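User: I am beginning to learn how to read protein structures, and I would be grateful for a close look at one part of this one. Please describe in a connected way how the helices at the start of the chain pack, and then place that part beside the rest.

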Amino acid sequence: MNAPLMDPAAIQQQAHQLLAAERWADAEQLLRQALASGTGPIPLWRQLFYAVRPQGKIAEARQILEMIVQTVPGDMSARFDLSEILLIQGEFGRGWREYRFRYKLDHTVMISRHVQKPRWEGQSIKGKTLLIHDEQGYGDTFQFLRMVAWARERSGARIILEVNHESFSLAQRISGFDDIIVRGTIPPPFDLHCELMSLPMAMGLQLSQLPGTPMPYLTPDPQRVAHWRARLADLPRPLVGLVWAGRPTHTNDVRRSLKLDDLAPLAQVGVTFVSVQKGPASAQTATPPAGMSLVSLSDEIKDFEDTAAIFMLLDTLVSVDSSPVHLAGALGRPAWVMLPFMPDWRWLLGRNDSPWYPSTRLFRQPAPGQWGPVLQAISSQVQTLKAGT
C-alpha cells in the first residue's frame, strides 16, 4: 500500500521552518519531492524558488517564476522577483518591463509616488515639461542620475529633476536638467513624469549600452576636496577607504554586511585604512583589528559631499554593496566591492567588473557566507597597491 500523501499545508509549514533556518538544500529536497509530479499548489512553488535562488540556481529559479507568472499573471511579487532574475542575467529589455511592478507589492504600494500626469514612455515630447523624480535608496539615485541628460536628449523636453535632500548638492552639478528641486517641495507645472529608475524602461536601456554616459558624471565640490586634502596630507599612503556595513534595515543586510573585525585579513604594515563608515557600525572603529592602522573619519563626515571629496583622495575604496560604492563609481574613483554569493541584480553574474562603473572591481563569495576568500583576494590586491605607491 502506498504511503498517504503529506498535507500541502504541513509541507508548507515545514518548508517555511527550513527556509527560515537558511537550510535551503533541505527545503529544496522536501519541496521537490512534494512537487515531483510537476504540479502542486503555487505557494509550494514559491517556496521552491526561495530555496533554489540563494543556492545560485538561477536558471531553475527563473523557470519556476516564469511558470508562476504565466499561471497567476496578477502575482506582482512573482513578477518583481522575475524582474530581478532577468536583470541579473543581463536581459534588460524584459527585465525593465517587469521591474515596473516594484510598486505593486503589498509593502511598497503605499510609498509609490501618485502623480496625476501620464508617465513618459520614451517618446519625443518637444515643447513639454518632464518631471524626473528619484526613488528608493541613495545608491539608486547615484546610479541612475546618469540617465537624466539622456532623457532630455531623447524627449526634447524641458527637464525638472527632483532628488532627495541628501543627494541634492551633488545632483546640482550633473548635466541634463533645466530645473532641480528637493523632494518634498511642490514642483513647477509639468506635463509628464517618470521615476528615475523607470528611465531604463522608457529608453530601452540595454546591457551593451552601459555605462551609457561619459564617465564620471558626478563631480566633487572643489572646496571640500581642498579641506580633506589638508586633513589627509600627513597620512602614509596608500589610503584604503573602508565601508563594512550597509543600512541595517535593508532586506538583504544580514548577507551583505560585515563587522570591522571581519576585515582583519586586510591589515598589513604600510597601509593606512580610512573609515568612511556611517551609521551604528561606525562605533566599531573604537577597537580596530589588531595590526590595522585605522583612521576614522566617520564622525567628521557631515554629508555625501564630504564622502565624495574623500573618495577623490583615496587610492581605493573597499566596501560592501552599499551607497558609497555607487557614489565612488559615479565619481570614476576605484572601488573594490565585496559581494555576497547571491548579489543584487545590478552586479550581474560571474564577472569581476561592472559595466555600470568602469572603475569598480567585484569580489564575489564563492559559496554562501564565505567571506574568507573575498578578503584574501582583496588583501592580495592591497599588497599590490602598496607595492605601487
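Analyst: The account below begins with the packing of helices, continues with the sheets, and ends with some local details of the backbone. The model is a predicted one.

Two packed helices are described by the angle between their axes and the distance between the axes. The part requested centres on helix α3, residues 42-52, which packs with helix α1, residues 8-20. The angle between α1 and α3 is about 20 degrees, and their axes lie 10 Å apart. Angles under 35 degrees count as roughly parallel, and therefore α1 is roughly parallel to α3. The crossing of these two helices is left-handed.

Which residues of α1 and α3 meet? On the side of α1 they are Pro-8, Ile-11, Gln-12, Ala-15, His-16 and Leu-19. On the side of α3 they are Pro-43, Leu-44, Gln-47, Tyr-50 and Ala-51. Sorted by class, the residues of this contact comprise 8 nonpolar and 3 polar ones, with no charged residue.

Helix α3 also packs with helix α4, residues 58-71. Here the angle is about 155 degrees, and the axes are 9 Å apart. Angles over 145 degrees count as roughly antiparallel, so α3 is roughly antiparallel to α4. The crossing of α3 and α4 is left-handed. From α3, the contact takes in Ile-42, Trp-45, Arg-46, Leu-48, Phe-49 and Val-52. From α4, the contributors are Glu-60, Ala-61, Ile-64, Leu-65, Met-67, Ile-68 and Thr-71. By class, the contact of α3 with α4 has 10 nonpolar residues, 1 polar residue and 2 charged residues.

Two single residues may be added to this picture. Glu-22 is found in the loop between α1 and α2, the latter spanning residues 24-34. Most residues other than glycine have a negative phi, and most peptide bonds are trans. Glu-22, however, has a positive phi near 60 degrees. Its relative accessible area is 39%, and Glu-22 is partly exposed. Gly-95 lies in helix α6, residues 92-99. Is Gly-95 buried or exposed? Gly-95 is buried, with a relative accessible area of 0%. Apart from neighbours within four places in sequence, Gly-95 is in contact with Ser-83, Leu-86 and Leu-87. In contrast to these contacts, Gly-95 and Ile-310 are 35 Å apart in space, C-alpha to C-alpha, and 215 residues apart in sequence.

The sheets come next. One open sheet consists of 4 strands in the order β3-β2-β1-β4, with parallel pairing. The strands β3 (179-182) and β4 (192-195) stand at its edges with a single partner strand each, so one side of each has no neighbour in the sheet. On average, and with direction ignored, neighbouring strands of this sheet are turned by 20 degrees against each other. Within it, β1 and β2 (residues 158-163) pair in the parallel sense over 5 bridges. One of the bridge pairs is Leu-131 with Ile-160, the latter in β2. Helix α8, residues 148-155, packs on this sheet and touches β1 and β2, its direction making about 155 degrees with that of β2. Gln-136 is placed in the loop between β1 (129-133) and α7 (138-144). The phi of Gln-136 is positive, near 60 degrees, and Gln-136 is partly exposed, with a relative accessible area of 39%.

A further open sheet has 6 strands in the order β7-β6-β5-β8-β9-β10, again with parallel pairing. Its edge strands, β7 (293-296) and β10 (360-364), each pair on one side only. Neighbouring strands here are turned by 25 degrees against each other on average, direction ignored. Strands β5 (residues 239-243) and β8 (residues 316-320) run parallel and are joined by 4 bridges. Gly-241 stands opposite Leu-317 in β8. Helix α15, residues 372-387, lies across β5, β6, β8, β9 and β10, and runs at about 170 degrees to β9.

Finally, two cis peptide bonds deserve mention. The bond from Leu-210 to Pro-211 is cis, with omega near 10 degrees. Another cis bond joins Met-215 and Pro-216, with omega about -10 degrees. Pro-211 lies in the loop between α10 (199-203) and α11 (222-232), and Pro-216 is found in the loop between α10 and α11 as well.

Notes
Residues are numbered from 1 along each chain as its sequence is written. This is a predicted model: local features need pLDDT of at least 70, side-chain atom pairs count only at pLDDT 80 or more; totals for chains, interfaces and linings use all residues. Side-chain values use heavy atoms; hydrogens and water are left out. Axes are lines fitted to C-alpha atoms, for helices over the stretch in contact, and angles run from 0 to 180 degrees between N-to-C directions. Angles under 35 degrees count as roughly parallel, over 145 as roughly antiparallel, 65 to 115 as roughly perpendicular and the rest as oblique. A crossing is left-handed if the near helix is turned anticlockwise from the far one by less than a right angle, and right-handed if clockwise. Contact means heavy atoms within 4.5 Å. Ala, Val, Leu, Ile, Met, Phe, Trp, Tyr, Cys and Pro count as nonpolar, Asp, Glu, Lys and Arg as charged, and the others, Gly among them, as polar. Two strands pair if DSSP finds at least two bridges between them. Buried means under 20% relative accessible area, exposed over 50%, partly exposed in between (1.4 Å probe, protein chains only).
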